[in-house]
Amino acid sequence: MSSRHILTAPAWPYANGPRHIGHVSGFALPADMFSRYQRMAGNKVLMVSGTDEHGTPIQVQADKEGVSARELADRYNRVIAQDLHGLGMTYDLFTRTTTRNHHAVAQEIFKGLHDNGYVFEKKTMGAISPSTGRTLPDRYIEGTCPICGYDGARGDQCDNCGNQLDPIDLINPRSRINGEKPKFVETEHFFLDLPAFSETLGSWLQGKEGLWRPNVYKFTRNLLDEMRPRPISRDLDWGVPVPLPGWVDRPDKRLYVWFDAVVGYLSASVEWARRSGDPDAWRAWWQNPDAETYYFMGKDNIVFHAEIWPAMLLGYNGEGDKGGTPGSLGKLNLPTEVVSSEFLTMEGKKFSSSRQVVIYVRDFLERYDVDALRYYIAVAGPENQDTDFTWSEFVRRNNDELVAAWGNLVNRSVSFAAKNIGEIPAAGELTDLDRDVLERSRKAFDAVGAELSRSRFKNAANEAMRTVAEANKYLSEQSPWKLKNDDPERMKTILHVALQLVDDAKSLLTPFLPASSEKVHRMLGGQEEWSGAPEIREVSEDGGPDYPVLTGSYDTQARWESRPIAAGTPLAPPKPLFAKLDSSVVDEELARLEQS
RNA sequence: GGGGCGGUAGCUCAGCCGGUUAGAGCAGGGGACUCAUAAUCCCUUGGUCGUGGGUUCGAGUCCCACCCGCCCUACCA
């Protein structure tokens, strides 16, 4: 098996509040399942991300709470890092955008684009808040729609008639933040010249047809059909300074937050390399033409990952219509695949923090197993279409599939062997049927692996669970408990085969259920760590304040293959793998949702 | 307005380039077993594949129109 370099790039959660399970179903869990599989398959995975901490919404939220933007970002950076830790997200580095390193890399990308001529300056009319002097984004302005007369129209679009609007045309415009009348002033900003990448991006995308999920491919193709220049700076003081003479010292101009956020994948890779002791190590994932890069996000982020970030990379490389030369970091790889999820809804409704239609990661993990959530998202998540999370389906999946099928398989086989033999028995002569079932189990690694490598988690999880069903069937049909007296040798062989099937299933399920696979691994006598788990570490940048990062060494025993179990390994009576949920939790959780 | 996705058994969903009697899990019905968190295993009821046209020897599977639902729409990170 050749070892490939694979960069996994989960989208950067925005640090204006805690994240809910809809968020993590899009960017986090798919990325982690993918990465865990790739590591087990022997590939060199680098998974980096962090919290996205700049921009107007953070500033607005901070103002509302009466704290500084920095304080707000600090708080939610920590909360989100803890949540992702709780989910078992095996980041090589989860950092943040407020580091000096990130600022420097974001500025370097800007400068590279500027040097190659892909960035231009332009004066526009923009709305600012008279009291703060900050840009007032269109969606923060409301007023009367000039087309239909609806009074609650937003600056960017009227919710009543659906027309796109220009905020300057609104009748009676007012700020949704504090009600004041916005001032429209001339302001100058930098724009990214997206049309200059129309051709190169088009041919780049063409090679992706059939490889990407069809909806992502189609959506991106439409995006590329009409590209317009996009502003990449804002009137704001919370963000990365524009690194040009005459700009860099201005307190009122910053890079637009999306611009610095997408650079995070690169800056985090650089930070990871520095922390790992080999400052150039990141290049193996960014400059090796054979390296593969996979970006994971919700569908609202496709535009940034499939259009704008690739354009930025092309421009930095000097590969747009205007040519140019690579910047000081060198030529950088474009995305191999943009893996986008659709949206999760909550009991039929859109997630909404303000309306309490929400379950935050932290609250979820306080009450339920992390693997129960991971499993649900894998098998019933919004992979190809919007999908509804319901508590009754969650309880059912947990009880029927995790507890009754997989947990029970582990329990019945291990406890029977423990009670009657006390160790993993040796196999005697195998029947054809034994050989068949073992062979099918071995082949499942190819089938499940093929699905995982293409981010088809539903198929992958279902395929893995099929081996669990096969093992349950094998045990029932062979009924080793009937052979205790008549044929103890055959009984041992059956148990050996069954335990081998359990061990295989444990491996197949590791990307989805790392915590419980670890338990099964130990039950079967494993002494070394199996699944691997992230840790939170406090770090700083030479002399700066501490901040938490997620990191870890994921160089474990786990391999994507059937590994023979060792006869003679002592077995103890097991404890149940998963907790069965009483049906009353459905009512309890629904009551919580209705409390608002 | 433009774009995308979906409408397949009571429920949640699979069905790739069109091809034998349309599948799975759950729920429902019947049976077996007792190792196991009453878990497991076997058998079984159940569908005019949103509607109407069309292409084809043959269409959930391609084309057109329509109905319904959801999402995106680029100064929203």
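In this predicted model, D587 and E594 are exposed on one side of helix α18, the side other than that of its buried residues. The buried residues of this helix, which spans residues 584-594, are V585, V586, E589 and L593. Seen down the axis of α18, these buried residues fall within an arc of 105°, and they therefore line one face of the helix. A charged residue, E589, is included in the buried set, whereas D587 and E594 are exposed.

From this helix the account turns to charged pairs. Side chains of opposite charge can pair when their charged atoms come close. Across the whole structure, a search finds 39 salt bridges. One of them is formed by R96 and D74, whose closest N and O atoms are 2.7 Å apart. This pair links distant parts of the chain: R96 belongs to strand β3 (residues 93-96), D74 belongs to helix α4 (residues 69-86), and the two are 22 residues apart. The partners also differ in their exposure to the probe. R96 counts as buried because its relative accessibility is 3%, below the 20% limit for that class. D74, with a relative accessible area of 31%, is partly exposed.

A second group of charged contacts lies within helix α13, which comprises residues 391-420. Here the side chains of E393 and R396 meet in a salt bridge with an N to O distance of 3.4 Å. Because they are 3 residues apart in α13, E393 and R396 are separated by about one helical turn. E393 has a relative accessibility of 24% and so counts as partly exposed; R396, at 33%, is likewise partly exposed.

R396 also forms a salt bridge with D400, again at 3.4 Å from N to O. R396 and D400 are 4 residues apart in helix α13, so about one helical turn separates them as well. D400 counts as partly exposed, at 42% relative accessibility. Salt bridges that share partners join E393, R396, R397, D400 and E401 into one network.

The strands offer another element to follow. An open sheet of 3 strands has the order β4-β8-β9, and its pairing is antiparallel. Strands β4 (119-128) and β9 (230-231) stand at the edges; each has a single partner strand, so one side of each is left without a neighbour in the sheet. Between β4 and strand β8 (residues 183-192), which run antiparallel, there are 10 bridges. At one position in this sheet, G126 stands opposite V185 in β8.

Attention may finally pass from the chain to the space it leaves open. Rolling a probe the size of a water molecule over the atoms shows where empty space is left. The second largest pocket has a volume of about 440 Å³. It is lined by 23 residues, of which R39, M40, N43, Y554 and D555 are the closest to its centre. Helix α2 (28-40) and strand β2 (44-51) each supply at least two residues of this lining. By class, the lining of the second largest pocket holds 10 nonpolar, 6 polar and 7 charged residues. Among the residues closest to the centre, R39 and D555 belong to the charged class.

Note on methods: Residues are numbered from 1 along each chain as its sequence is written. Chains are lettered from A and ligands numbered from 1 in the order in which they are written. This is a predicted model: local features need pLDDT of at least 70, side-chain atom pairs count only at pLDDT 80 or more; totals for chains, interfaces and linings use all residues. Side-chain values use heavy atoms; hydrogens and water are left out. A salt bridge is a side-chain nitrogen of Lys or Arg within 4 Å of a carboxyl oxygen of Asp or Glu. Buried means under 20% relative accessible area, exposed over 50%, partly exposed in between (1.4 Å probe, protein chains only). On a 1 Å grid over the protein atoms alone, a cavity is a set of points where a 1.4 Å probe fits but cannot get out, and a pocket is an open set with protein on both sides within 12 Å along at least five of seven lines; lining residues have an atom within 4 Å of a point. Grid points are joined across faces, edges and corners, and a volume is the space filled by probe spheres set on the points. Two strands pair if DSSP finds at least two bridges between them. The arc is that of the directions from the helix axis to the C-beta atoms.
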